[in-house]
Amino acid sequence: MVPDWDKSMQANRFASLRSFFAISDEQAMWRVQTQADEAAFAQLVRRWEGPIQRLCTRMTGDAHRAEDLTQETFARVFAKRKDYQPNGKFSTWLWRIALNLCCDEWRRRQRRQELPLDDTGGEAAASVLDRLAAREPAPDESLEGQERGALVRGALMQLSETHRAVLVLRHYENLKFREIAGVLEVPEGTVKSRMAEALAKMSRLLKPMLADGPPRNLNIQNQPKENLTL
Amino acid sequence: MNHPNPETWMSYLYDELKSHERAGLQAHLQTCPDCAAKLAEWQAAQKNLDAWRLPRAAQRTRVAFAAPVFKWAAAAAILLCAGFWEGRQASAAARVEIRQQLRQELAQQFHAELERTASATLAASAEQTRALLANYAAAFETKRIADNTAIVSALDKLGAQRFADYLSLKKDVDTVAVNAAAGFRSTEQQLVQLADSTPAGPPPAHPQ
């Protein structure tokens, strides 16, 4: 799969020149696998660094850690290049590696209690949202937008890994449900039902704060707690 | 009324249905307030998700990737202009030759740039991997030395304990031997005394 930014690159005036050198992801990975072709690997890194970093950021909620995870992902791709099945899509394999690393990271952080627990941690969820919402209302639009974004991120981090993975891949990375099923190795129906559950949980979490356009002074401390728990 | 399941609504929400399936669901929405409410809830969540925007990290990659392209494109434009001007002066055959040379040079330069970028990326990765391996090796060596020290210490302690046990046992055996020898001597003296103090009488009568 070619990411969106790459599609836009192809539309520019250098498209013909660039396409002269372009090879598919699968061809590049085949070269990496059979010849340890560094140029082909560098090309894969350039194509996929952005999407993988976005995925890691959405999955962990930490942009700095996401950079490390992105590097780890590509290091693992190179180390495990012999395991790649040439009849499969490279992107599916890559997403899976990145997701596994994100989940490992998430569990490590949970063990170290750096993060609140997921669905079961209702009070923890509320405290994160309280903390995010306890700020003073911002007078200008951009700050308000940032605060809304922070609220959404906080709510997303309260979802379970399985729900968050489905939601991030479908909503933010725009993968089809069929492709997500391939990445997660579960039936497509399971992916869709998880998506419905994830959206319902996000709605329950965010409704009290974001229902009426701009955040209502972003003050949720007087809201009933059951609205904040999953 | 048969309600479509949530899985179907997800396909509707993310526009993964065929047109006739979509039309069927839209017709259902007109008559089913329950499904309409559920869909509105999902749509609200969907809309809220868009509030979390990332700083476009991908752009950095794109710019980094695009920069050499622009650089070489600028070089190519200059070369092409020079070539065009030169070509105007030259014959048709010379123009073809120049064009081919330019094409080859551009291709070589582009390849060289691609290889340079790839090598830089891999060199950085290799450097990081080497550093990680060095850290791991150092940690492993430290742990191994600590383990060896602990094992040697434990063995020394065990040996000392066994030697102390041996000495204690030997002392006990010696004590028993000395006590036994003294007992034998005492018994022997008592037997001698008993023999000396017995009076000499007539020999005992034997029955006929």
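This passage describes a predicted model with chains A and B, taking in the fold of chain B, its contact with chain A, a helix pair in chain A and one loop residue.

Chain B is a helical chain, with five helices and zero strands. Followed along the sequence, its elements give the pattern α-α-α-α-α. Of the 208 residues in chain B, 7% are buried. Turning to contacts within chain B, and considering those between residues at least 6 apart in sequence, 50% join residues that are at least 24 apart.

The two chains meet in a contact that takes 35 residues from chain B and 38 residues from chain A. On the side of chain B that touches chain A, the elements that give two or more residues are α1 (6-13), α3 (33-49), α4 (57-89) and α5 (92-196) of chain B. Of these, α5(B) gives the most, with ten residues. Sorted by class, the residues on this side of chain B comprise 20 nonpolar, nine polar and six charged.

Within chain A, a helix pair offers a convenient view of the packing. In general, two packed helices are described by the angle between their axes and the distance between the axes. Here, helix α4 (residues 38-60) of chain A packs against helix α5 (residues 63-79) of chain A at an angle of about 135 degrees, and their axes are 8 Å apart. Because angles over 145 degrees count as roughly antiparallel and those from 65 to 115 as roughly perpendicular, α4(A) is oblique to α5(A). The crossing of α4(A) and α5(A) is right-handed.

The residues that bring these helices together can be listed from both sides. From α4(A) come A:Phe41, A:Val45, A:Glu49, A:Ile52, A:Gln53, A:Cys56, A:Thr57 and A:Thr60. They meet A:Ala63, A:Arg65, A:Ala66, A:Glu67, A:Leu69, A:Thr70, A:Thr73, A:Phe74 and A:Phe78 in α5(A). By class, the contact of α4(A) with α5(A) has nine nonpolar, five polar and three charged residues.

A last stop is the loop between α3 (25-35) and α4 of chain A, where A:Asp37 is placed. A:Asp37 has 18 other C-beta atoms within 10 Å, so this residue is partly exposed; a buried residue would have 20 or more such atoms and an exposed one 12 or fewer. Leaving aside residues up to four places away in sequence, A:Asp37 touches A:Arg31 and A:Val32.

How values were computed. Residues are numbered from 1 along each chain as its sequence is written. Chains are lettered from A and ligands numbered from 1 in the order in which they are written. This is a predicted model: local features need pLDDT of at least 70, side-chain atom pairs count only at pLDDT 80 or more; totals for chains, interfaces and linings use all residues. Two residues are in contact if their C-beta atoms, placed from the backbone, lie within 7 Å. Helices (H or I, at least four residues) and strands (E, at least two) are DSSP runs, numbered from the N terminus. Ala, Val, Leu, Ile, Met, Phe, Trp, Tyr, Cys and Pro count as nonpolar, Asp, Glu, Lys and Arg as charged, and the others, Gly among them, as polar. Axes are lines fitted to C-alpha atoms, for helices over the stretch in contact, and angles run from 0 to 180 degrees between N-to-C directions. Angles under 35 degrees count as roughly parallel, over 145 as roughly antiparallel, 65 to 115 as roughly perpendicular and the rest as oblique. A crossing is left-handed if the near helix is turned anticlockwise from the far one by less than a right angle, and right-handed if clockwise.
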